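Colleague: I am new to this structure. Please take one part and go through it closely.

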Amino acid sequence: MSLFKELKRRNVFKVGIAYVVVAWLVLQVADVLFNNLQAPAWVFRVLLVFLVVGFPIAVLFAWAFELTPEGLRRESTADKEEALAGKPIVLATETPLSESQLSDSSGKSIAVLPFVNMSDDEGNEYFSDGVSEEILNLLSKTPQLRVAARTSSFAFKGKDSKISDIGDLLRVDHILEGSVRKAGKQVRITAQLVKVSDGYHLWSESYDHTLDNIFAIQDEIASSVAEQLRITLLGGQPSSAETDPEAFSLYLRARELFRQGSSQGWEQAEMLLKQSLDIAPDYAASWANLADVYIEQSHKALIPANEGYELAREAASKAITIDSCNADAHATLGDISATYDVELQPAAHHIGRALALQPTNSSILQKAAYVAVALNRLNEAIRLLEYAVIQDPVNSLCHARLGVNYFFAGQIEKAIGSLGTSLQLSPKRIGANYYMGVAYLLKGDTKSAISFMELEAAIGSTWRFNGYALIYYTLGEDQKSIESLNKLIEHDAKGAAFNIAYICAFRGENDRAFEWLDKALEYKDPGLIEIGVHPLITRLQSDPRWQPFLKKVGRSPEQLAKIDFNVALPG
C-alpha cells in the first residue's frame, strides 16, 4: 500500500483539513473577542502558537489510532478490516477462500450499473432499472464471468462515484453502464463497457427498436460483452425468456414495487403480476415473483400464514412447470420447505438445484447457507456466506447473516466485524445491534452489550427484549430479566417462540425451555432451523429430553446424515 493510500485510509488528510478549518475559525473569533476585551497582544500570540503546535499532534493522533467497533484503538492493534472509517471490507476467515474466489486476475469480472432513465416520464425508471437487471441476470449465467450482485451494483444509483472506486469496492475489472429512453412502444438503449484500470471504453452501442425487440437487445448486449471480454461460450450465450412486451413491462414494475418492502407495495405488485399473467399465463418470472409476494405478505401477517404459504407454493410450482430452470422458484420452494413445512430433504433438493442454476446469486447463496445451518453444517454455511459477501460486498443483510453465523460458531471477533460492517451499510438493520450486543455479552463486556441493545431499542425492534432478558440475568438482576422476557412474550409470543426457549435455557429453566420449543414447533417458528447450532439453546444438550425433541423435529444426527446436500462454490 502506498504512503498516500495509507494516509487516506487512516483519515490523516481529513483530520488535518478539519483541524486547519477549526483553527482558522478559532483565531477569527479570538481576534474579535480579544479586541473587545482589550486583551494584551501576547495572549493572541500564545493561542496562535498553541494551535500551530497542536496541528502535528492531531495528525500523529490520526495516524496512530483508528476507530473500530470496539472503540478507539491503537492502529498497531486495530484490525484494519474492522475500521469504521474505511469502506466495507470482506473479512478474512480461518479457512480462507481461494484466490480465484476472492479476486479475478483473468479480468473476466463485471458490474452492471443501473442504466439511467432518459425518458421524459420519470415514472419509466422502473423500466430502465429492470432492463439493467435483466442484462445483469443474463451475464451472471455465463460460467466464465464473475458478475457483482444487483444489490451492490445498484447501491451506486444516482451517485457520482468514480469508475475506479466502484471497481475497487466490488472487486471487478469492468463496468457496464448505459441509458434507456422509452416513449410509448419505442425504446432507445445505449450501453458501454468500461475497463476499470484505465477508464477506457472497450465497446459502446446504441439500439433503436420497438418494445417487441427488447429481449433481442438484451441478448445482443450480453453477447457483445462476452465477445469483448473474449469469453468462449461453449454452450451458447444465455438468452432472455421472451414474453409479451406489455406483460414484461408489468412484471418489471411489480418487481420494483415488491422491493419497496411495504404492505402497499406488495399489494400493488400482486395486482400487476396478476395482470401480467392474464396477458401471458406462461411467463415463469411473473409466477416466481408472485410467490415471493405471498411469502412476504405471510411474514408480515398481512394474510394468514397457511394461506400465504400455500399460494406461494402453488405459484412457484407453476413457474417450475413452465421453466424447470427457474432458479428463483426453486429457491422459494426450498424456503417454504425449510421454514414452513420444516422438511429438510425437499428444502435441500430445491435450494441445491437453485444454486446449481445460479451459483453466484447472493440471495440463493444466503438461502443455501440457511439450509446448511439447519443441517448443522456451520462451516459450510459460513463459506457460502463468505462467498455471498464477495459477490455482494455492499449488501447489509449478507454481512449481518455472516456475522450471526460467526456468532453461532463461537468466532466472536469475526462476528463483531461482520455485524459492524452491516451496521455501517444499514444502521437500522433490525437484529444486527442485538447480535452485536449478545456477542459482547459473551465476551464479558456488559457495558458494550447494553449500548448496542439501546441502539436496537431506538429503532423499535422487539429484539431488545431478548437482549435485555439475557443481559439483566447475567448482571444478577433477575427481576428485570423476567420483566423483559414477559414483554417479549406479550409482544411476539408466536413469532419469537424459539427465542423465548433459548432465553429460558440461558436462565437455567429447562422445563420452561422445552415447553417453548414445543410451541415453536406448533407455531412453525423458522428459528427452529438454528436449534443445532445456536450457542444458547445448546445448553439443553445434557438434558434427557434433548435428543427425543431433535428426532421429533427431524434434526437428530441420524436423520440429518441421510439428507443429501452437496454444494460447491465456483472456482
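Modeller: A polar contact is a pair of N or O atoms within 3.5 Å. Keep that cut-off in mind for Asp525. The model is predicted. In it, the side chain of Asp525 reaches the backbone nitrogen of Phe498 at 2.8 Å. The same side chain also reaches the backbone nitrogen of Ala497, at 3.2 Å.

Where does Asp525 lie? Asp525 sits in the loop between helix H24 (510-522) and helix H25 (546-552). Asp525 is buried, yet has no salt bridge. Arg555 is the nearest side chain of opposite charge, and Arg555 is 10 Å away. A salt bridge needs a side-chain nitrogen of Lys or Arg within 4 Å of a carboxyl oxygen of Asp or Glu.

Now the surroundings. Setting aside neighbours within four places in sequence, Asp525 is in contact with Lys494, Gly495, Ala496, Ala497, Phe498 and Ala520. Ala497 and Phe498 are thus named again here, and their backbone nitrogens are the ones that the Asp525 side chain reaches.

Next, Asp518. This residue is found in helix H24. Asp518 counts as partly exposed because its relative accessibility is 35%, whereas Asp525 is buried. Phe498 comes up once more: Asp518 and Phe498 are 20 residues apart in sequence and 9.1 Å apart in space, C-alpha to C-alpha. Not counting residues up to four places away in sequence, Asp518 touches Phe549 and Lys552. Helix H25 spans 546-552.

Note on methods:
Residues are numbered from 1 along each chain as its sequence is written. This is a predicted model: local features need pLDDT of at least 70, side-chain atom pairs count only at pLDDT 80 or more; totals for chains, interfaces and linings use all residues. Side-chain values use heavy atoms; hydrogens and water are left out. Helices (H or I, at least four residues) and strands (E, at least two) are DSSP runs, numbered from the N terminus. Buried means under 20% relative accessible area, exposed over 50%, partly exposed in between (1.4 Å probe, protein chains only). Lys and Arg count as positive and Asp and Glu as negative; His and the chain ends are not counted. A polar contact is a pair of N or O atoms within 3.5 Å; within protein, one must be able to donate a hydrogen and the other to accept it, and residues adjacent in sequence count only if both atoms are side-chain atoms. Contact means heavy atoms within 4.5 Å.
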